[in-house]
Amino acid sequence: MTAPPEPVPPEPVRPDEAVEVEGGAPEPEPEPEPKRWSGGRWLRAERGVATAVVVAVVVVAAGALLYDVIAVRAGGHARPWRQDLADQLATRHLDDPWVLGFAAGAVTLGVLLLWLAFARGLRGWLALEPRGTAIHRSAVTALIDRRVRERADVYSWQVRAGRRRTRVTVAGTTDPAGVEQELRAELARIPFAVPYRLDVRTRPVKEHHRHRRDLAELEPPR
Amino acid sequence: MSRRRRITRRAVNRTVLAAVGLVLLVGGLLVLLGGFDVYGRLGITPPGWWPLTSPDQPVLSSASRADWSSRSWWWPVAVAVPTVLLLGGLWWLFSQLRRGGPAGVDLPSPAAPGQPHFALHVRSRAVEEAVESEAVALPDVDRVTVRVTGASHRPELHTALRLSPYGDTGALVDAYRTGPVEHARHSLGLAELSTELRIRVTKPRKARTSKTKRVR
């Protein structure tokens, strides 16, 4: 600021300004870069535990079956469990309650495993830019919570960070727009990779029913 | 490219789950469709080879079992399928044992190719401590834990970071990329060092639900 002001060269007219001048009406500023839902595609759970359980069951079942098949081929007898299973399968009809029950269980388990295979998982984590960075939902809650806490006019508040939006409910504020603007600024500091919304709601202050001990302190009995 | 191994493990797990789930779903649905006589009620005549069509038939009759086991390909298949499943499952289980990262990171040798040289090797723990001590000095960072994963010639960094509630996440991510990670990449002589960063925030010390309690 101590240096003498240099002559500022005339700024070249940007194309969007030229359009604005020609059109007459100010156009809304375009979004800098529309975030897409595919931004967090890399953030997927490994599904290690579920696969370990499934693989363990498959290994045990396949091992027992292989042992038995080889024993039969070598001239031995099938194990009692396999004879029993074959008898049951040969005698029970399709409308038997046991058969239907097992089939329903298999369908349920199959749907569950398919859901595990295709769902994203890691529901606690939100993908950030650049790729490989993620923030926990509780961290978003804590950041927003800190911001609300510092406002003097908010009586009580509740912050819930979901997977697609954060819902903040504040009570007692006289300036809801100011609260929303401040929280929006706080959320804008987090570089989310996918669209993330902020809903600010206001509700009236709840009248607390005070304990009679507190009331007695306020107004001692005569 | 640099994430090939991790993606492979995740893809293998999800493929296993999808295959087993699909088998269970299709088998259960076939039995349920036959058991509740859905074909008869809807007036559908399934093709001749379609299994389990009538609620009065057994799940697996002795006749069809004898018919199957008399085919020439039956016994080789009956041995081969459990063998493949068993070996694949055992391979998966043993591959889980190699979960930890490499013991160290190989540095490129400063000598020209063909010349005698020392093999340079940095312990993973040293890399982790270097990155941790630099990252924890970033503004508003409370705690950092770094793990080196991947292979010794292609290391990756996994960082769990705890930010104070006053921190700026975007600035932190930029500073972490351009500071500790870039320095580690440069000093290890790597063209690319892929990192994963997981951010949590320290909870405020005592969560007050309302300000009236402080007043009182």
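## Exercises on a two-chain model

In this predicted model, 55 residues of chain A are in contact with 60 residues of chain B.

**Exercise 1.** Determine which elements supply the side of chain B that touches chain A, and which element gives the most.

*Solution.*
1. The elements of chain B that give two or more residues to this side are helix H1 (4–35), helix H3 (62–69), helix H4 (74–95), H6 and S5.
2. With 19 residues, H1(B) gives the most.
3. Sorted by class, this side of chain B has 32 nonpolar, 17 polar and 11 charged residues.

**Exercise 2.** Describe the secondary structure of chain A and the order of its elements.

*Solution.*
1. Chain A contains seven helices and five strands.
2. Read from the N terminus, its elements follow the order α-α-α-α-β-β-α-β-β-α-β-α.
3. Of the 222 residues in chain A, 20% are buried.

**Exercise 3.** Establish the order of the strands in the open sheet, and explain why one side of each edge strand is left without a neighbour.

*Solution.*
1. The sheet is open and has five strands, in the order S1(A)-S2(A)-S5(B)-S4(B)-S3(B), with mixed pairing.
2. At the edges stand S1 (125–128) of chain A and S3 (141–151) of chain B; each has a single partner strand, so one side of each lacks a neighbour in the sheet.
3. From one strand to the next, the twist averages 20°.

**Exercise 4.** Find how S2(A) is joined to S1(A) and to S5(B).

*Solution.*
1. S2 of chain A covers residues 133–136 and runs antiparallel to S1(A), to which four bridges join it.
2. In this pair, Trp125(A) stands opposite His136(A).
3. Three bridges join S2(A) to S5(B), and these two strands run parallel.
4. Here Ile135(A) stands opposite Ile199(B).

**Exercise 5.** Characterise helix H5 of chain A, and state which strands H5(A) and H6(B) touch or lie across.

*Solution.*
1. H5(A) comprises residues 137–149, 13 in number, and reaches 18 Å from its first C-alpha to its last, close to the 18 Å expected.
2. Its buried residues are Ala139(A), Val140(A), Ala142(A), Leu143(A), Ile144(A), Asp145(A), Arg147(A) and Val148(A).
3. H5(A) lies across S1 and S2 of chain A and across S4 (154–163) and S5 (194–201) of chain B, at about 50° to S5(B).
4. Helix H6 (residues 169–188) of chain B also packs on the sheet, touching S1 and S2 of chain A as well as S3, S4 and S5 of chain B. The direction of H6(B) makes about 145° with that of S5(B).

Note on methods. Residues numbered from 1 in each chain as written. Chains lettered and ligands numbered in written order. Predicted model: local features only at pLDDT ≥ 70, side-chain atom pairs only at ≥ 80, totals over all residues. Expected span 1.5 Å × (residues − 1). Buried ≥ 20, exposed ≤ 12 C-beta atoms within 10 Å, placed from the backbone. Pairing = 2+ DSSP bridges. Axes fitted to C-alpha atoms, helices over the stretch in contact; angles between N-to-C directions. Contact = placed C-beta atoms within 7 Å. Nonpolar A, V, L, I, M, F, W, Y, C, P; charged D, E, K, R; others polar.
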